Amino acid sequence: MPLVLWSNDLFDREAEPRHEGEFDDPAQALEALWRAVLQQGVADDGRPSFTDFHLRFPGRSVRIPRDPSRNPELARLRARRDEPGFLAWLGFVHARHLEQPFDFGPFLAAARDDWPSPVERVVGVLRAALGFDEPLRPAGTNTFEAGPGLRVVGSGCPSSDAVEQWWVSLPALALGGVPVRFEVEVQLAAEGARYRVDADDSPGTQPLRDALLAAGFAG
């Protein structure tokens with residue numbers, strides 16, 4: 001059953017709801033909802049417009065709450081709406097928190113990074129070692145990419161011995177035109193984070209290993 005985005009004219013109460021689009025993927029539907037609200041639902045200072053948007057899910061509708069007079073959180077997010085991948089970030093984060101009471105906290109956090117801090121630390125070390133600071137962008141469910149082939153993937157479900165698993169890899173890394181393997185597995189267990197490096201024993205991967213060891217990551 002498709003997810004349908006609707007708009008309502010709050011100035012003309014007798015106007016019929018307007019069909020804005022249909023989607024099969026929840027994250028894409030929620031991205032469209034955020035795009036509509038941030039582009040048409042609020043002004044730069046956070047004042048709401050007379051157009052209200054809601055996304056019809058099976059058995060319920062989803063709205064992004066707006067205050068009648070002032071919306072500082074939406075104003076902050078609206079200011080970043082044209083950044084590449086930002087609206088997709090919001091849709092992805094909303095899909096992850098859809099069953100929880102609405103809270104702007106995760107969405108404001110998504111403006112930075114939306115993965116656990118142990119994963120963020122691994123990403124930061126590899127970014128520094130590779131010499132780039134391009135932000136990660138969403139590339140699918142629980143998948144993010146940036147720079148020269150850096151990829152972060154989350155499991156989405158716990159294994160038998162980990163609350164959550166993430167993999168930070170460099171699938172496009174090549175030395176002399178020959179692909180090499182480099183991946184860091186991060187397991188978020190109840191007793192803390194654990195790390196495992198799976199990489200080729202080639203000279204090109206050694207600086208990355210050294211950077212991780214210097215930062216305190218075993219492997």
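These legends describe close-up views of a predicted model.

**View 1. The whole chain: six helices and twelve strands.**
The protein has 219 residues, and 41% of them are buried. Its accessible surface comes to about 11,700 Å². Carbon and sulfur atoms supply 50% of that surface. Contacts between residues at least 6 apart in sequence were also sorted by separation: 47% of them join residues at least 24 apart.

**View 2. A four-stranded open sheet, ordered E2-E1-E3-E4.**
The pairing in this sheet is antiparallel. Strand E2 (18-23) and strand E4 (60-62) are the edge strands, and each pairs on one side only. From one strand to the next, the twist averages 30°. Strand E1 (residues 3-9) pairs with strand E3 (residues 51-57) over six bridges, in the antiparallel sense. To find one of these pairs, start at Asn8: its bridge partner in E3 is Asp52. Helix H1 (residues 26-41) packs on the sheet. H1 touches E1, E2, E3 and E4. The direction of H1 makes about 175° with that of E3.

**View 3. Val4, a residue of strand E1.**
Is Val4 buried or exposed? Val4 has 12% relative accessibility, so it counts as buried; the cut-off for buried is under 20%. Neighbours within four places in sequence are left aside here. Beyond them, Val4 is in contact with His19, Gly21, Glu22, His54, Leu55 and Arg56. His19, Gly21 and Glu22 fall within E2 (18-23). His54, Leu55 and Arg56 fall within E3 (residues 51-57). Ser61 is 57 residues from Val4 in sequence. In space, the C-alpha atoms of Val4 and Ser61 are 9.4 Å apart.

**View 4. Helix H1 against helix H3 (residues 86-96).**
The two axes come within 7 Å and cross at roughly 125°. H1 and H3 are therefore oblique to each other. Their crossing is right-handed. From H1, the contact uses Ala27, Leu30, Glu31, Trp34, Arg35 and Leu38. From H3, the residues met are Leu87, Ala88, Leu90, Gly91, Phe92, His94 and Ala95. H1 also packs on the four-stranded sheet of View 2.

**View 5. A six-stranded open sheet, ordered E5-E6-E7-E8-E11-E12.**
Pairing is antiparallel here too. Which strands stand at the edges? They are strand E5 (137-138) and E12. Each has a single partner strand, so one side of each is left without a neighbour in the sheet. Strand E7 (residues 150-154) is joined to strand E8 (residues 164-169) by four bridges. In that pair, Gly154 stands opposite Trp166. E8 is joined to E11 by six bridges, and these strands run antiparallel. Within this second pair, Gln165 has Gln187 of E11 as its bridge partner.

**View 6. The hairpin from E11 to E12.**
Strand E11 (residues 182-189) and strand E12 (residues 192-199) pair over eight bridges, in the antiparallel sense. How many residues join E11 to E12 in the hairpin? The link consists of two residues. Two pairs can be picked out along the strands. Val186 stands opposite Tyr195. Phe182 has Ala199 of E12 as its bridge partner. In general, strands of a sheet pair through backbone hydrogen bonds.

**View 7. Helix H5 (residues 117-130), lying across strands of the six-stranded sheet.**
H5 lies across E7, E8, E11 and E12. Its direction runs at about 160° to E11. H5 also meets a helix, shown in the next view.

**View 8. Helix H5 against helix H6 (residues 206-214).**
The axes of H5 and H6 come within 10 Å. They cross at roughly 135°. H5 and H6 are therefore oblique to each other. The crossing is right-handed. On the H5 side, Val122, Val125, Leu126, Ala129 and Leu130 make the contact. On the H6 side, the contact residues are Leu208, Ala211 and Leu212.

Definitions and conventions
Residues are numbered from 1 along each chain as its sequence is written. This is a predicted model: local features need pLDDT of at least 70, side-chain atom pairs count only at pLDDT 80 or more; totals for chains, interfaces and linings use all residues. Side-chain values use heavy atoms; hydrogens and water are left out. Two strands pair if DSSP finds at least two bridges between them. Axes are lines fitted to C-alpha atoms, for helices over the stretch in contact, and angles run from 0 to 180 degrees between N-to-C directions. Contact means heavy atoms within 4.5 Å. Buried means under 20% relative accessible area, exposed over 50%, partly exposed in between (1.4 Å probe, protein chains only). Accessible areas come from the Shrake-Rupley method with a 1.4 Å probe; for residues, only the protein chains shown count as cover. Angles under 35 degrees count as roughly parallel, over 145 as roughly antiparallel, 65 to 115 as roughly perpendicular and the rest as oblique. A crossing is left-handed if the near helix is turned anticlockwise from the far one by less than a right angle, and right-handed if clockwise.
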